[in-house]
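Visitor: I would like to learn how to read the features of a model such as this one, taking them one at a time. Could we have the structure in view before we begin?

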Amino acid sequence: MFELKVSESNFLSHIFLKELVEDQGLQSFTLVKDSLFSEQALHGGVSCEQEAEVLDDNSEYHKVLIFCEGLFLQQLQLVCSALQDYFKATSFDVVKVEGVAGFAICAKVHLLKTEGLKEKIEHVANQFSIELCWFDQVPTLSEPGLLLMDMDSTVIAVECIDEIASLAGVGEEVSAVTARAMKGELDFAQSLRTRVACLKGADEAILQQVRDALPLMAGVANLVNLLKKQQWKVAIASGGFTYFADYLKRRLELDAAVANGLDIVEGKLTGELSGRIIDAEVKAETLRTLAQKWGVAMSQTIAMGDGANDLVMMNAAALGVGLHAKPVVREKADIAIRRGGLDVLLWVLAAK
């Protein structure tokens, strides 16, 4: 049998913990101050008899956030077992954010070793179709902060230049340039200029057609709305184009948007760019400039993106988030969101 010790401090937390324990068949957990404790240690976790020691010693904790749609307790067991050589789990807390559907489980852990840990987390996350975020200190949701996001394949679920090229009948030419860039034959600025040159003569109406059909990434509108309620600033820094970034700024009520200008004369694209090219270094510079402008401490900054061009700004921020990112980006980011919507980031910020 198990025991439920319910406090009045976080009633919702106990509702979800109770569901995990009662409805999903594991009968060996106790609720203590909004946390799950195992009567018999769960793959290195603490027992109820160790409760006082766990609650008093928070000095060396790291956190592992575990979530997926329809999370069930057996998955929690399997994850703990798979990571037992790297972490010693001590307690499991429910993380619930008003306005974000579902919940996450935050495991407080002591690190046993770090060599190969990121690779192991990636493997376990994919093996069990679950999200795993390992972190220590992250920006605080309840204090003002700054989120700077890439646009293409981050805020929106497409690459705008590919959409333009397809409608303009030059999709293959642009794809060939992209392939050369991926091989390292062209740097970002060269690749961008070469791809834009392929668009020479395209009608401006194509841009409007692409803009009107832009698919937002899941959770982005909710994330922006909830962050702004917490007095956060939210902005875009994109290697894409102002035509779309400025539109998204208005649509999502963002605080700023920085991107590349497309030169248009008499309703036709000239195949040239106007103004400064927004490359990786400029993105990082934008993060620092906006933080200073709005009086946001760098410890309260987050940068989110999916590609290698986002890594410099992610490294400059207190928290770098890989969103449905390329493998190299997931490897180097502080945390990765592999499948979920953007608003699940709020669980990371709310985890205590």
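Visitor: How many bridges join strand 10 to strand 11, and do these strands run parallel or antiparallel?

Guide: Please keep in mind that this is a predicted model. Four bridges join strand 10 (residues 256-265) to strand 11, and the two run antiparallel. Following individual partners, one finds Gly261 bridged to Ser274 of strand 11, while Leu262 stands opposite Leu273 in strand 11.

Visitor: How many residues lie between strand 10 and strand 11 in their hairpin?

Guide: There are two residues between them, and Glu266, in the turn, has a positive phi of about 50 degrees.

Visitor: In what order do the strands of the open sheet come?

Guide: For a sheet, one reads the order of the strands and then looks for its edges. Here seven strands form an open sheet in the order 11-10-9-8-12-13-14, with mixed pairing. Strand 11 (268-274) and strand 14 (335-337) are the edge strands, each of them pairing on one side only. From one strand to the next, the twist averages 25 degrees.

Visitor: Which strands does helix 7 lie across?

Guide: Helix 7 (residues 188-197) lies across strand 9 (233-241), strand 10 and strand 11, and runs at about 165 degrees to strand 11. Helix 11 (residues 280-294) also packs on the sheet, where it touches strand 8 (146-149), strand 9, strand 10 and strand 12 (301-305), and its direction makes about 155 degrees with that of strand 8.

Visitor: At what angle do the axes of helix 6 and helix 7 cross?

Guide: The axes of helix 6 (residues 171-182) and helix 7 cross at roughly 170 degrees and come within 9 Å. Helix 6 is therefore roughly antiparallel to helix 7, since angles over 145 degrees count as such. Helix 6 contributes Val174, Val177, Thr178 and Ala181 to the contact, and helix 7 contributes Ser191, Thr194 and Arg195; by class, these are three nonpolar, three polar and one charged residues.

Visitor: How many cavities of 30 Å³ or more does a search of the whole structure find?

Guide: Rolling a probe the size of a water molecule over the atoms shows where empty space is left. In this model the search finds one cavity of 30 Å³ or more, and the largest cavity holds about 90 Å³ of space.

Visitor: Which residues line the largest cavity?

Guide: Its lining includes Val64, Ile66, Cys80, Phe87 and Val109. Strand 4 (62-67), helix 3 (73-82), strand 5 (87-95) and strand 6 (104-111) each give two or more residues to the lining, which divides into nine nonpolar, one polar and no charged residues.

Definitions and conventions
Residues numbered from 1 in each chain as written. Predicted model: local features only at pLDDT ≥ 70, side-chain atom pairs only at ≥ 80, totals over all residues. Heavy atoms only, no water. 1 Å grid on protein atoms, 1.4 Å probe; cavity = no way out; pocket = protein on both sides within 12 Å on 5 of 7 lines; lining within 4 Å. Points joined across faces, edges and corners; volume = space filled by probe spheres on them. Nonpolar A, V, L, I, M, F, W, Y, C, P; charged D, E, K, R; others polar. Pairing = 2+ DSSP bridges. Axes fitted to C-alpha atoms, helices over the stretch in contact; angles between N-to-C directions. Contact = heavy atoms within 4.5 Å. Parallel < 35°, antiparallel > 145°, perpendicular 65-115°, else oblique.
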